Amino acid sequence: MERNWKGTTGGGKFGQTVLIWIFKTVRPDFLYPLLYLIIPFYMLFAHKGYIVTYQYFRQIHGFGTFKAFFSTYLNHVVFGKVVLDKFALLAGRNFPVEFANNYNPVDIDKAAVIAGAHTGNFELCGHCVNHCGKKIYSLVYGGESMVLQQKRTQAISNFGVELISVQPDMSHIFTLSNALSEGNFAAMACDRAFGSSKCFSMQFCGRLAEFPMGPFALAAKAECNIYSINIVKEKGLLYRLYIEKLDTSSSEYSDKKTIRSKAEYICAQYVKSLENIVMRYPLQWFNYYRFWKPMPARSLLPQKDPMVMIDNLISCNPQTTVAEYIIREDSLFVSNGVFAEAGYLEVFAQTAAARIGWLNKDHIRIGTIGGVSGMTVSGQAKAGQSVFCTISVLSDIEGALVLDGEITDSGGHTLATCRSLKVFIQG
């Protein structure tokens, strides 16, 4: 699986060494004001990261143009502060950490996976989680400079933390598995896949995103606890710690028969926990690449070419589904380069079919259109265009689906709407 994120800290060996030396004598917030001047230049030369973050605020949080741009700037400022704090940690400085109101102490009597994310400052975890003699094996990407790796190892060794580098042959999984079997803790960021193609597609902040299967399968196989932990930055040097124990003991979990199904159940909980953090602290989402990805829809549909009228599933939940269709010249509903009105009805129906396929996880079922109370076509689409279909479910009772829908172009202009479209599901 190709990585689309770097996983390295900038600054070079010399710059990193100087920062660590500086923070031995001054607090990191002494340099915070400089970030407000430096960040505009950084954004200018890190255009790719800036664009995806801007889209994150526009599409995930629904911010307007100016607010999204200003939030992108502030996001980079906060990230800069967190990076400075990380170097201050390497210099031996401590940070005040408050526990969130829902704080639930980590159970030290059982092995556990600590599931973090690229939010806030996850590196503080080893400094503030009370593991009472437990050893924490923390999975890290091995592409950092030697200076940073050495300083990081020295700084956390007193806290009983051992760094485990991601290996191309995936041998780090065996190291973590052995750590859990010995009753220790394994810590890792669970919002990125470390070289593995095995992922779960999950509904996250209203859109589909991929999360690695490995950490959750590791917890399920080891039959250990798993905690979602986020340490977010507040004002000044203060951080706040959120800990949530994920369910691995209920009858619903026990009823899962395979490691994969148990891992998917845990992953869904983790994603919900992470979503709460991201929506509460939108400025502290630090994944600077295209995180949300449309899901190819062909595997979700009973239709085969040339009748496939949906290309990608953008988002999907029991209430609302959004799908994309790229109109092709050879489509059955294209005549003289124009998409026929009858094709819109098929796009509505196949969006409903894709919803059923995704919610039923590989159990594809055939649907039949039973009727529509009203459909209005107010625009014209042409071959080569992408159209986006949004359906809202009015009722879903015993295989009878009733929905309203809207199809728009890439600019958000309405092309067609339908009311009370009835789809009957077989099987």
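## Strand β2, a covered strand

Strand β2 spans residues 112-116 and is mostly covered, with five of its five residues buried. This is a predicted model. Look at which way the residues of β2 point. Ala112, Ile114 and Gly116 point one way, while Val113 and Ala115 point the other way. Residues on both faces of β2 are buried.

## The two neighbours of β2

Which strands pair with β2? One is β5, residues 185-189, which runs parallel to β2 and is joined to it by five bridges. Find Ile114 in β2, then look across to β5: the bridge partner there is Ala187.

The other pairing is with β8, residues 225-233. β2 and β8 also pair in the parallel sense, over four bridges. Here Ala112 of β2 has Asn225 of β8 as its bridge partner.

## The whole sheet

Now step back to the sheet. It is open and has seven strands, in the order β1-β9-β8-β2-β5-β3-β4. The pairing is mixed. Two strands stand at the edges: β1 (97-99) and β4 (161-165). Each has a single partner strand, so one side of each has no neighbour in the sheet. From one strand to the next, the twist averages 25°.

## From β5 to β3

Strand β3 covers residues 136-140. Three bridges join β3 to β5, and the two strands run parallel. For a landmark, find Tyr137, which stands opposite Ala186 in β5.

## From β8 to β9 and β1

On to β9, residues 239-245. Strand β9 is mostly covered: five of its seven residues are buried. In which sense do β8 and β9 pair, parallel or antiparallel? They pair in the antiparallel sense, over seven bridges. One pair to locate is Ser228 with its bridge partner Glu244 in β9.

β8 and β9 form a hairpin, with five residues between the strands. In this hairpin, Gly236 takes a positive phi near 65°.

β9 also pairs with β1. That pairing is parallel and has three bridges. Glu98 has Arg240 of β9 as its bridge partner.

## Two helices that cross

Next, the helices. Helix α2 spans residues 32-45 and helix α4 spans residues 65-90. Their axes come within 9 Å and cross at roughly 125°. That angle makes α2 oblique to α4. The crossing of α2 and α4 is right-handed.

Which residues make the contact? From α2 come Tyr32, Leu35, Tyr36, Ile39, Pro40, Tyr42 and Met43. From α4 come Thr72, Tyr73, His76, Val77, Gly80, Lys81, Leu84 and Asp85. The residues of this contact divide into ten nonpolar, three polar and two charged.

## The chain as a whole

How many helices and strands are in the chain? There are eleven helices and 19 strands. The chain has 427 residues, and buried residues make up 50% of them.

One last value concerns contacts in the chain with a separation of 6 or more. Of these, 71% are between residues 24 or more positions apart.

How values were computed:
Residues numbered from 1 in each chain as written. Predicted model: local features only at pLDDT ≥ 70, side-chain atom pairs only at ≥ 80, totals over all residues. Heavy atoms only, no water. Axes fitted to C-alpha atoms, helices over the stretch in contact; angles between N-to-C directions. Parallel < 35°, antiparallel > 145°, perpendicular 65-115°, else oblique. Left-handed = near helix turned anticlockwise from the far one by under 90°. Contact = heavy atoms within 4.5 Å. Nonpolar A, V, L, I, M, F, W, Y, C, P; charged D, E, K, R; others polar. Buried < 20%, exposed > 50% of the residue type's maximum accessible area, 1.4 Å probe, protein only. Pairing = 2+ DSSP bridges.
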